[in-house]
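The following paragraphs lead the reader through one protein structure. Please keep the sequence and the coordinates in view while reading.

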Amino acid sequence: MTQHTLQGRSDAEVTWFQRRSFLQAAAAWTAMGGAAAAHAQSRSNIVQLVGDALLNGNRLRPEQAIQSGDQITTGPASNLIFVIGNSSFHVRQNSTLTVERGATLSTVGMLRLLTGAVISVWGKGNARSIVTPTVTAGIRGTGVYTEVFADQDNRSYFCNCYGTVDMAAGRDRLVSRSDYHQAFWGEVQPKDGRLLTPAKAINHTDEELEYLAKLVDQQTAWQRLGKKGVKDGKGYMDDKPGQMHPAAVNPGA
């Protein structure tokens, strides 16, 4: 288990996935054929549901299927893991998000996170995005962690755990290319003239990304490369307020 930094979340919440019940659920999902089989057989795409969650305002049952276009709300001490198409999602407790529709019901076009936190692994495909109150991120096939801090006026945190992401906050723009956790804050008010500021990797672990990737027959960048890098977003900001390097690169060395 790699070390992780917590901000506003308990260690038990971040590492809950290590429980025997989750490992059994993930193994059963894989044994049943994973996402492709779930779609072909029209069975549930929920890998694990702990606690209470709402689907479009009604209580979510484990045998239901989540489709793009649905709104999801998780309650206290709740966690939800599900798969749509070639993307997988782990929704933390006290979260509200909308999985907006792409070209088909099995394609996510946009993930709109209103409150709480979600870890997601996205396969390659058409343009997709994650939107929070302060950040918009264009996804090209990657693994990311996103969190909205309601107690900080909906200040948003975004970690490009691996892959390429087009990020925007106000007039700030950044292309993040990462092999290992390049993270940023989407500020409510500018700090030193910027709305995108570098951050440390918080509230998520390598193992969580690895499990989500496995659910959709993928590997993380560090699994493919056989090495890990430095967890932060420092060194990728331009000297001019409101502007950033057009292609920030994290070599993962």
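**A guided reading of the model**

Strand 14 and strand 15 form a hairpin with 2 residues between them, and Asp192 in the turn has a positive phi of about 55°. Strands, here and below, are DSSP runs of E with at least two residues, numbered from the N terminus. The model is predicted, so that local features need pLDDT of at least 70 and side-chain atom pairs count only at pLDDT 80 or more, while totals for chains, interfaces and linings use all residues. Residues are numbered from 1 along each chain as its sequence is written, and side-chain values use heavy atoms, with hydrogens and water left out.

The two arms of the hairpin, strand 14 and strand 15 (residues 194-199), run antiparallel and are joined by 5 bridges; two strands count as paired if DSSP finds at least two bridges between them. Lys191 stands opposite Arg194 in strand 15. Strand 14 is also joined to strand 12 by 5 bridges, and these two strands run antiparallel. Here Ser156 stands opposite Gly186 in strand 14.

Aromatic rings come next. A pair of aromatic rings is described by the distance of the centres and the angle of the planes. Rings of Phe, Tyr and Trp (its six-membered ring) pair if their centres lie within 6.5 Å; planes under 30 degrees apart count as stacked, over 60 as edge-to-face and the rest as tilted. A search of the whole structure finds 7 aromatic pairs. One of them is formed by Phe149 and Trp185, a tilted pair with 5.4 Å centre to centre and 55° between the planes. Because Phe149 lies in strand 11 (residues 143-149) and Trp185 in strand 14 (residues 182-191), this pair ties together parts that are 36 residues apart in sequence. Phe149 counts as buried at 5% relative accessibility, and Trp185 is buried as well, with a relative accessible area of 8%. Buried means under 20% relative accessible area, exposed over 50% and partly exposed in between, with a 1.4 Å probe and protein chains only.

Trp185 also forms an aromatic pair with Tyr157, edge-to-face, with 5.3 Å centre to centre and 70° between the planes. This pair links distant parts of the chain, with Tyr157 in strand 12 (residues 155-169) and Trp185 in strand 14, 28 residues apart. Tyr157 is buried, with a relative accessible area of 0%. Tyr145, Phe149, Tyr157 and Trp185 form one aromatic cluster. Over the face of Trp185 lies Arg155, at 3.7 Å from the ring centre; a charge sits over a ring if NZ of Lys or CZ of Arg is within 6 Å of the ring centre and within 35 degrees of the ring normal.

Thr146 lies in strand 11 and is buried, with a relative accessible area of 0%. Not counting residues up to four places away in sequence, Thr146 touches eight listed residues, including Leu113, Val118, Ile130, Tyr157 and Phe158; contact means heavy atoms within 4.5 Å.

The cysteines may be considered next. How many disulfides does the structure hold? There are 0, a disulfide being a pair of cysteine sulfur atoms within 2.5 Å. The sulfur of Cys159 is 3.9 Å from the closest cysteine sulfur, in Cys161, which is too far for a bond. Cys159 counts as buried at 0% relative accessibility, and Cys161 is buried with a relative accessible area of 0%.

Another part of the sheet structure involves strand 4 (residues 70-74), along which the side chains alternate. Asp70, Ile72 and Thr74 point to one face and are buried, while Gln71 and Thr73 point to the other and are not. Strand 4 pairs with strand 2 (residues 53-55) in the antiparallel sense over 3 bridges, and Ala53 stands opposite Thr74. Strand 4 also pairs with strand 7 (residues 96-101) in the antiparallel sense, over 4 bridges. In strand 7, Thr98 is the bridge partner of Gln71.

The nonpolar interior completes the picture. A nonpolar core is a set of buried Ala, Val, Leu, Ile, Met, Phe, Trp, Tyr and Cys residues joined through side-chain atoms within 4.5 Å. The largest has 32 residues, of which Ile66 and Phe82 touch the most other members. Strand 8 (residues 108-122) gives the most to this core, with 5 residues. Apart from this core lies another, of 25 residues, among them Ile81, Ala199, Leu212 and Val216.
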